[in-house]
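Visitor: Please take me on a close look at a single part of this protein, and show me what lies around that part.

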Amino acid sequence: MSRTARIARVTSAGLAALLLATACGRSADSGPDKEAASLGEGPAKGTVTMWSMGDPDPTLESLAKEFEKKNPDADVRITPVPWDAAHDKLTTAIAGGNGPDVSLIGSTWMAEMAAMNGFEATPKEISAESFFPGQWATTTYQDTAYGVPFIADTSVIYYRTDIAAKAGVTQPATDWKGFAENLEALQKTAGKQNPKLRYASGMQTGFNAWLFWLPLVWQSGGDIYDPKTKKFTFDTPEVAEALTYYGEIFANKMAPTDKTDGQQGFHDGLIATLQQGASVGGNLHKDSPELDAVWQTMPLPVNKEAAGLAGGSDLAVFRSSDNKDAAWKFVRFLTEAENLAAYGAGTGQLPAAIGAWNDERMTGNTKLAAFREQLDVTKAPPALTTWQQIASVIDSELEKLALGKATTQDVQKALQSKATSIGTGR
């Protein structure tokens, strides 16, 4: 398995961004254009400019060449943009009306930028049914899609089978109760049967902790926002249950609070389990292939229902594009199941199209099976233009809980109050 999807990188960039749609010079009553264009007949023509994210992407360039072969009069030009500069670059381009034809967009940015009237509505020829529901939901704002899922991502549980065996844990648990019991069994062996082991769990706190806590709310049958009433619901029993479960991991000293590098700790045997995205597996295989035999993945344990977070990146066509038809045809080409399978095989990223997972290039890797199962039950965070601010507040309050500086009730009250004060944007 090569380097895989970078959920933390995608959403980290989003959370670090402070620019909001409301600060970009548009009137309060203006909104995105919901009229979707239809794709024209015939092959694509003309130049299509695209911004990719991160390092240069040879696999994406290769797919662009294939598109050009099928569309001889089209010329695709791809420019990589560093993730840490991407948000500001994108919002500036939208405000100035001088963006590319198409760009990769971090999924947590979609609502904000759609509200800026930055993107074209997705053509009807591209079907939502081809994609995992949670991934498609990341493209929508006010019930309209403004892009197409490209890179899927979600977190699963990584576990060290060698460490677990010494603790007498032979089977991965499927529910909260069983998983908590397994963590307790692992923690009891720390420094004893497992001399290197310090923590049973690498549950994250601080920056980006919301990525791993929000699924706990969904698994409890709740949510943090009601789109019907347009009110936050941090004050519900389900949220309290998720906070309690999260907090107990730290209260029982089963996870680090000192900014220990979870991935390195897992690699070194200091941490037995880790909830993370697909990039961890790619890094482990790349850096230490000799450990492939002693780590495995499992879906997130279930409480009242199965759920996970839909992260990753989407493709969006800019309203300022002078070649929208060719841009959408390129997007459609890239997100066809066969091409997404090729992209996944070439990069280790997780395809957002359901059909891509039938490809032997994906089914041949047994360690991806947990991700495939998890993608069926993922959900997107609320499509709010203020989401970056809300997520930052969640991170801050979860850290207080993990450090024992606040109780579940304190955190729940603070989340409801602060989120309500921030509001939902527009």
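Guide: Here is a walk along one helix, through a neighbour that it touches, and on to a sheet elsewhere in the chain. What you see is a predicted model, in which local features need pLDDT of at least 70 and side-chain atom pairs count only at pLDDT 80 or more, while totals for chains, interfaces and linings use all residues. Residues are numbered from 1 along each chain as its sequence is written, and side-chain values use heavy atoms, with hydrogens and water left out.

Our part is helix α17, residues 408-422. Helices are DSSP runs of H or I with at least four residues, strands are runs of E with at least two, and both are numbered from the N terminus. The expected span of a helix is 1.5 Å times one less than its number of residues. For the 15 residues of α17 that gives 21 Å, and the end C-alpha atoms are 21 Å apart, which agrees. Just after α17 comes Gly423, with a positive phi near 85 degrees.

Now for what α17 hides. Its buried residues (under 20% relative accessible area, with a 1.4 Å probe and protein chains only) are Thr408, Val411, Gln412, Ala414, Leu415, Gln416 and Ala419. An α-helix has 3.6 residues a turn, so residues three or four places apart point the same way. The cover over the buried residues of α17 includes α8 (210-219), β10 (231-232), α9 (237-251) and α16 (387-402).

Trp213 is a good residue to pause at, and it belongs to helix α8. Trp213 counts as buried, at 0% relative accessibility. Leaving aside residues up to four places away in sequence, its contacts (heavy atoms within 4.5 Å) include Leu415, along with Phe234, Val239, Ile394 and Leu398. By contrast, 38 Å separates the C-alpha atoms of Trp213 and Ala37, which are 176 residues apart along the chain.

Finally, the sheet. Four strands form an open sheet with mixed pairing, in the order β8-β11-β7-β12; strands pair if DSSP finds at least two bridges between them. β8 (199-201) and β12 (295-298) are the edge strands, each with a single partner, so one side of each has no neighbour in the sheet. Strands β7 (residues 156-160) and β11 (residues 271-276) run antiparallel and are joined by 4 bridges, and Tyr158 has Leu274 in β11 as its bridge partner.

Notes. Buried < 20%, exposed > 50% of the residue type's maximum accessible area, 1.4 Å probe, protein only.
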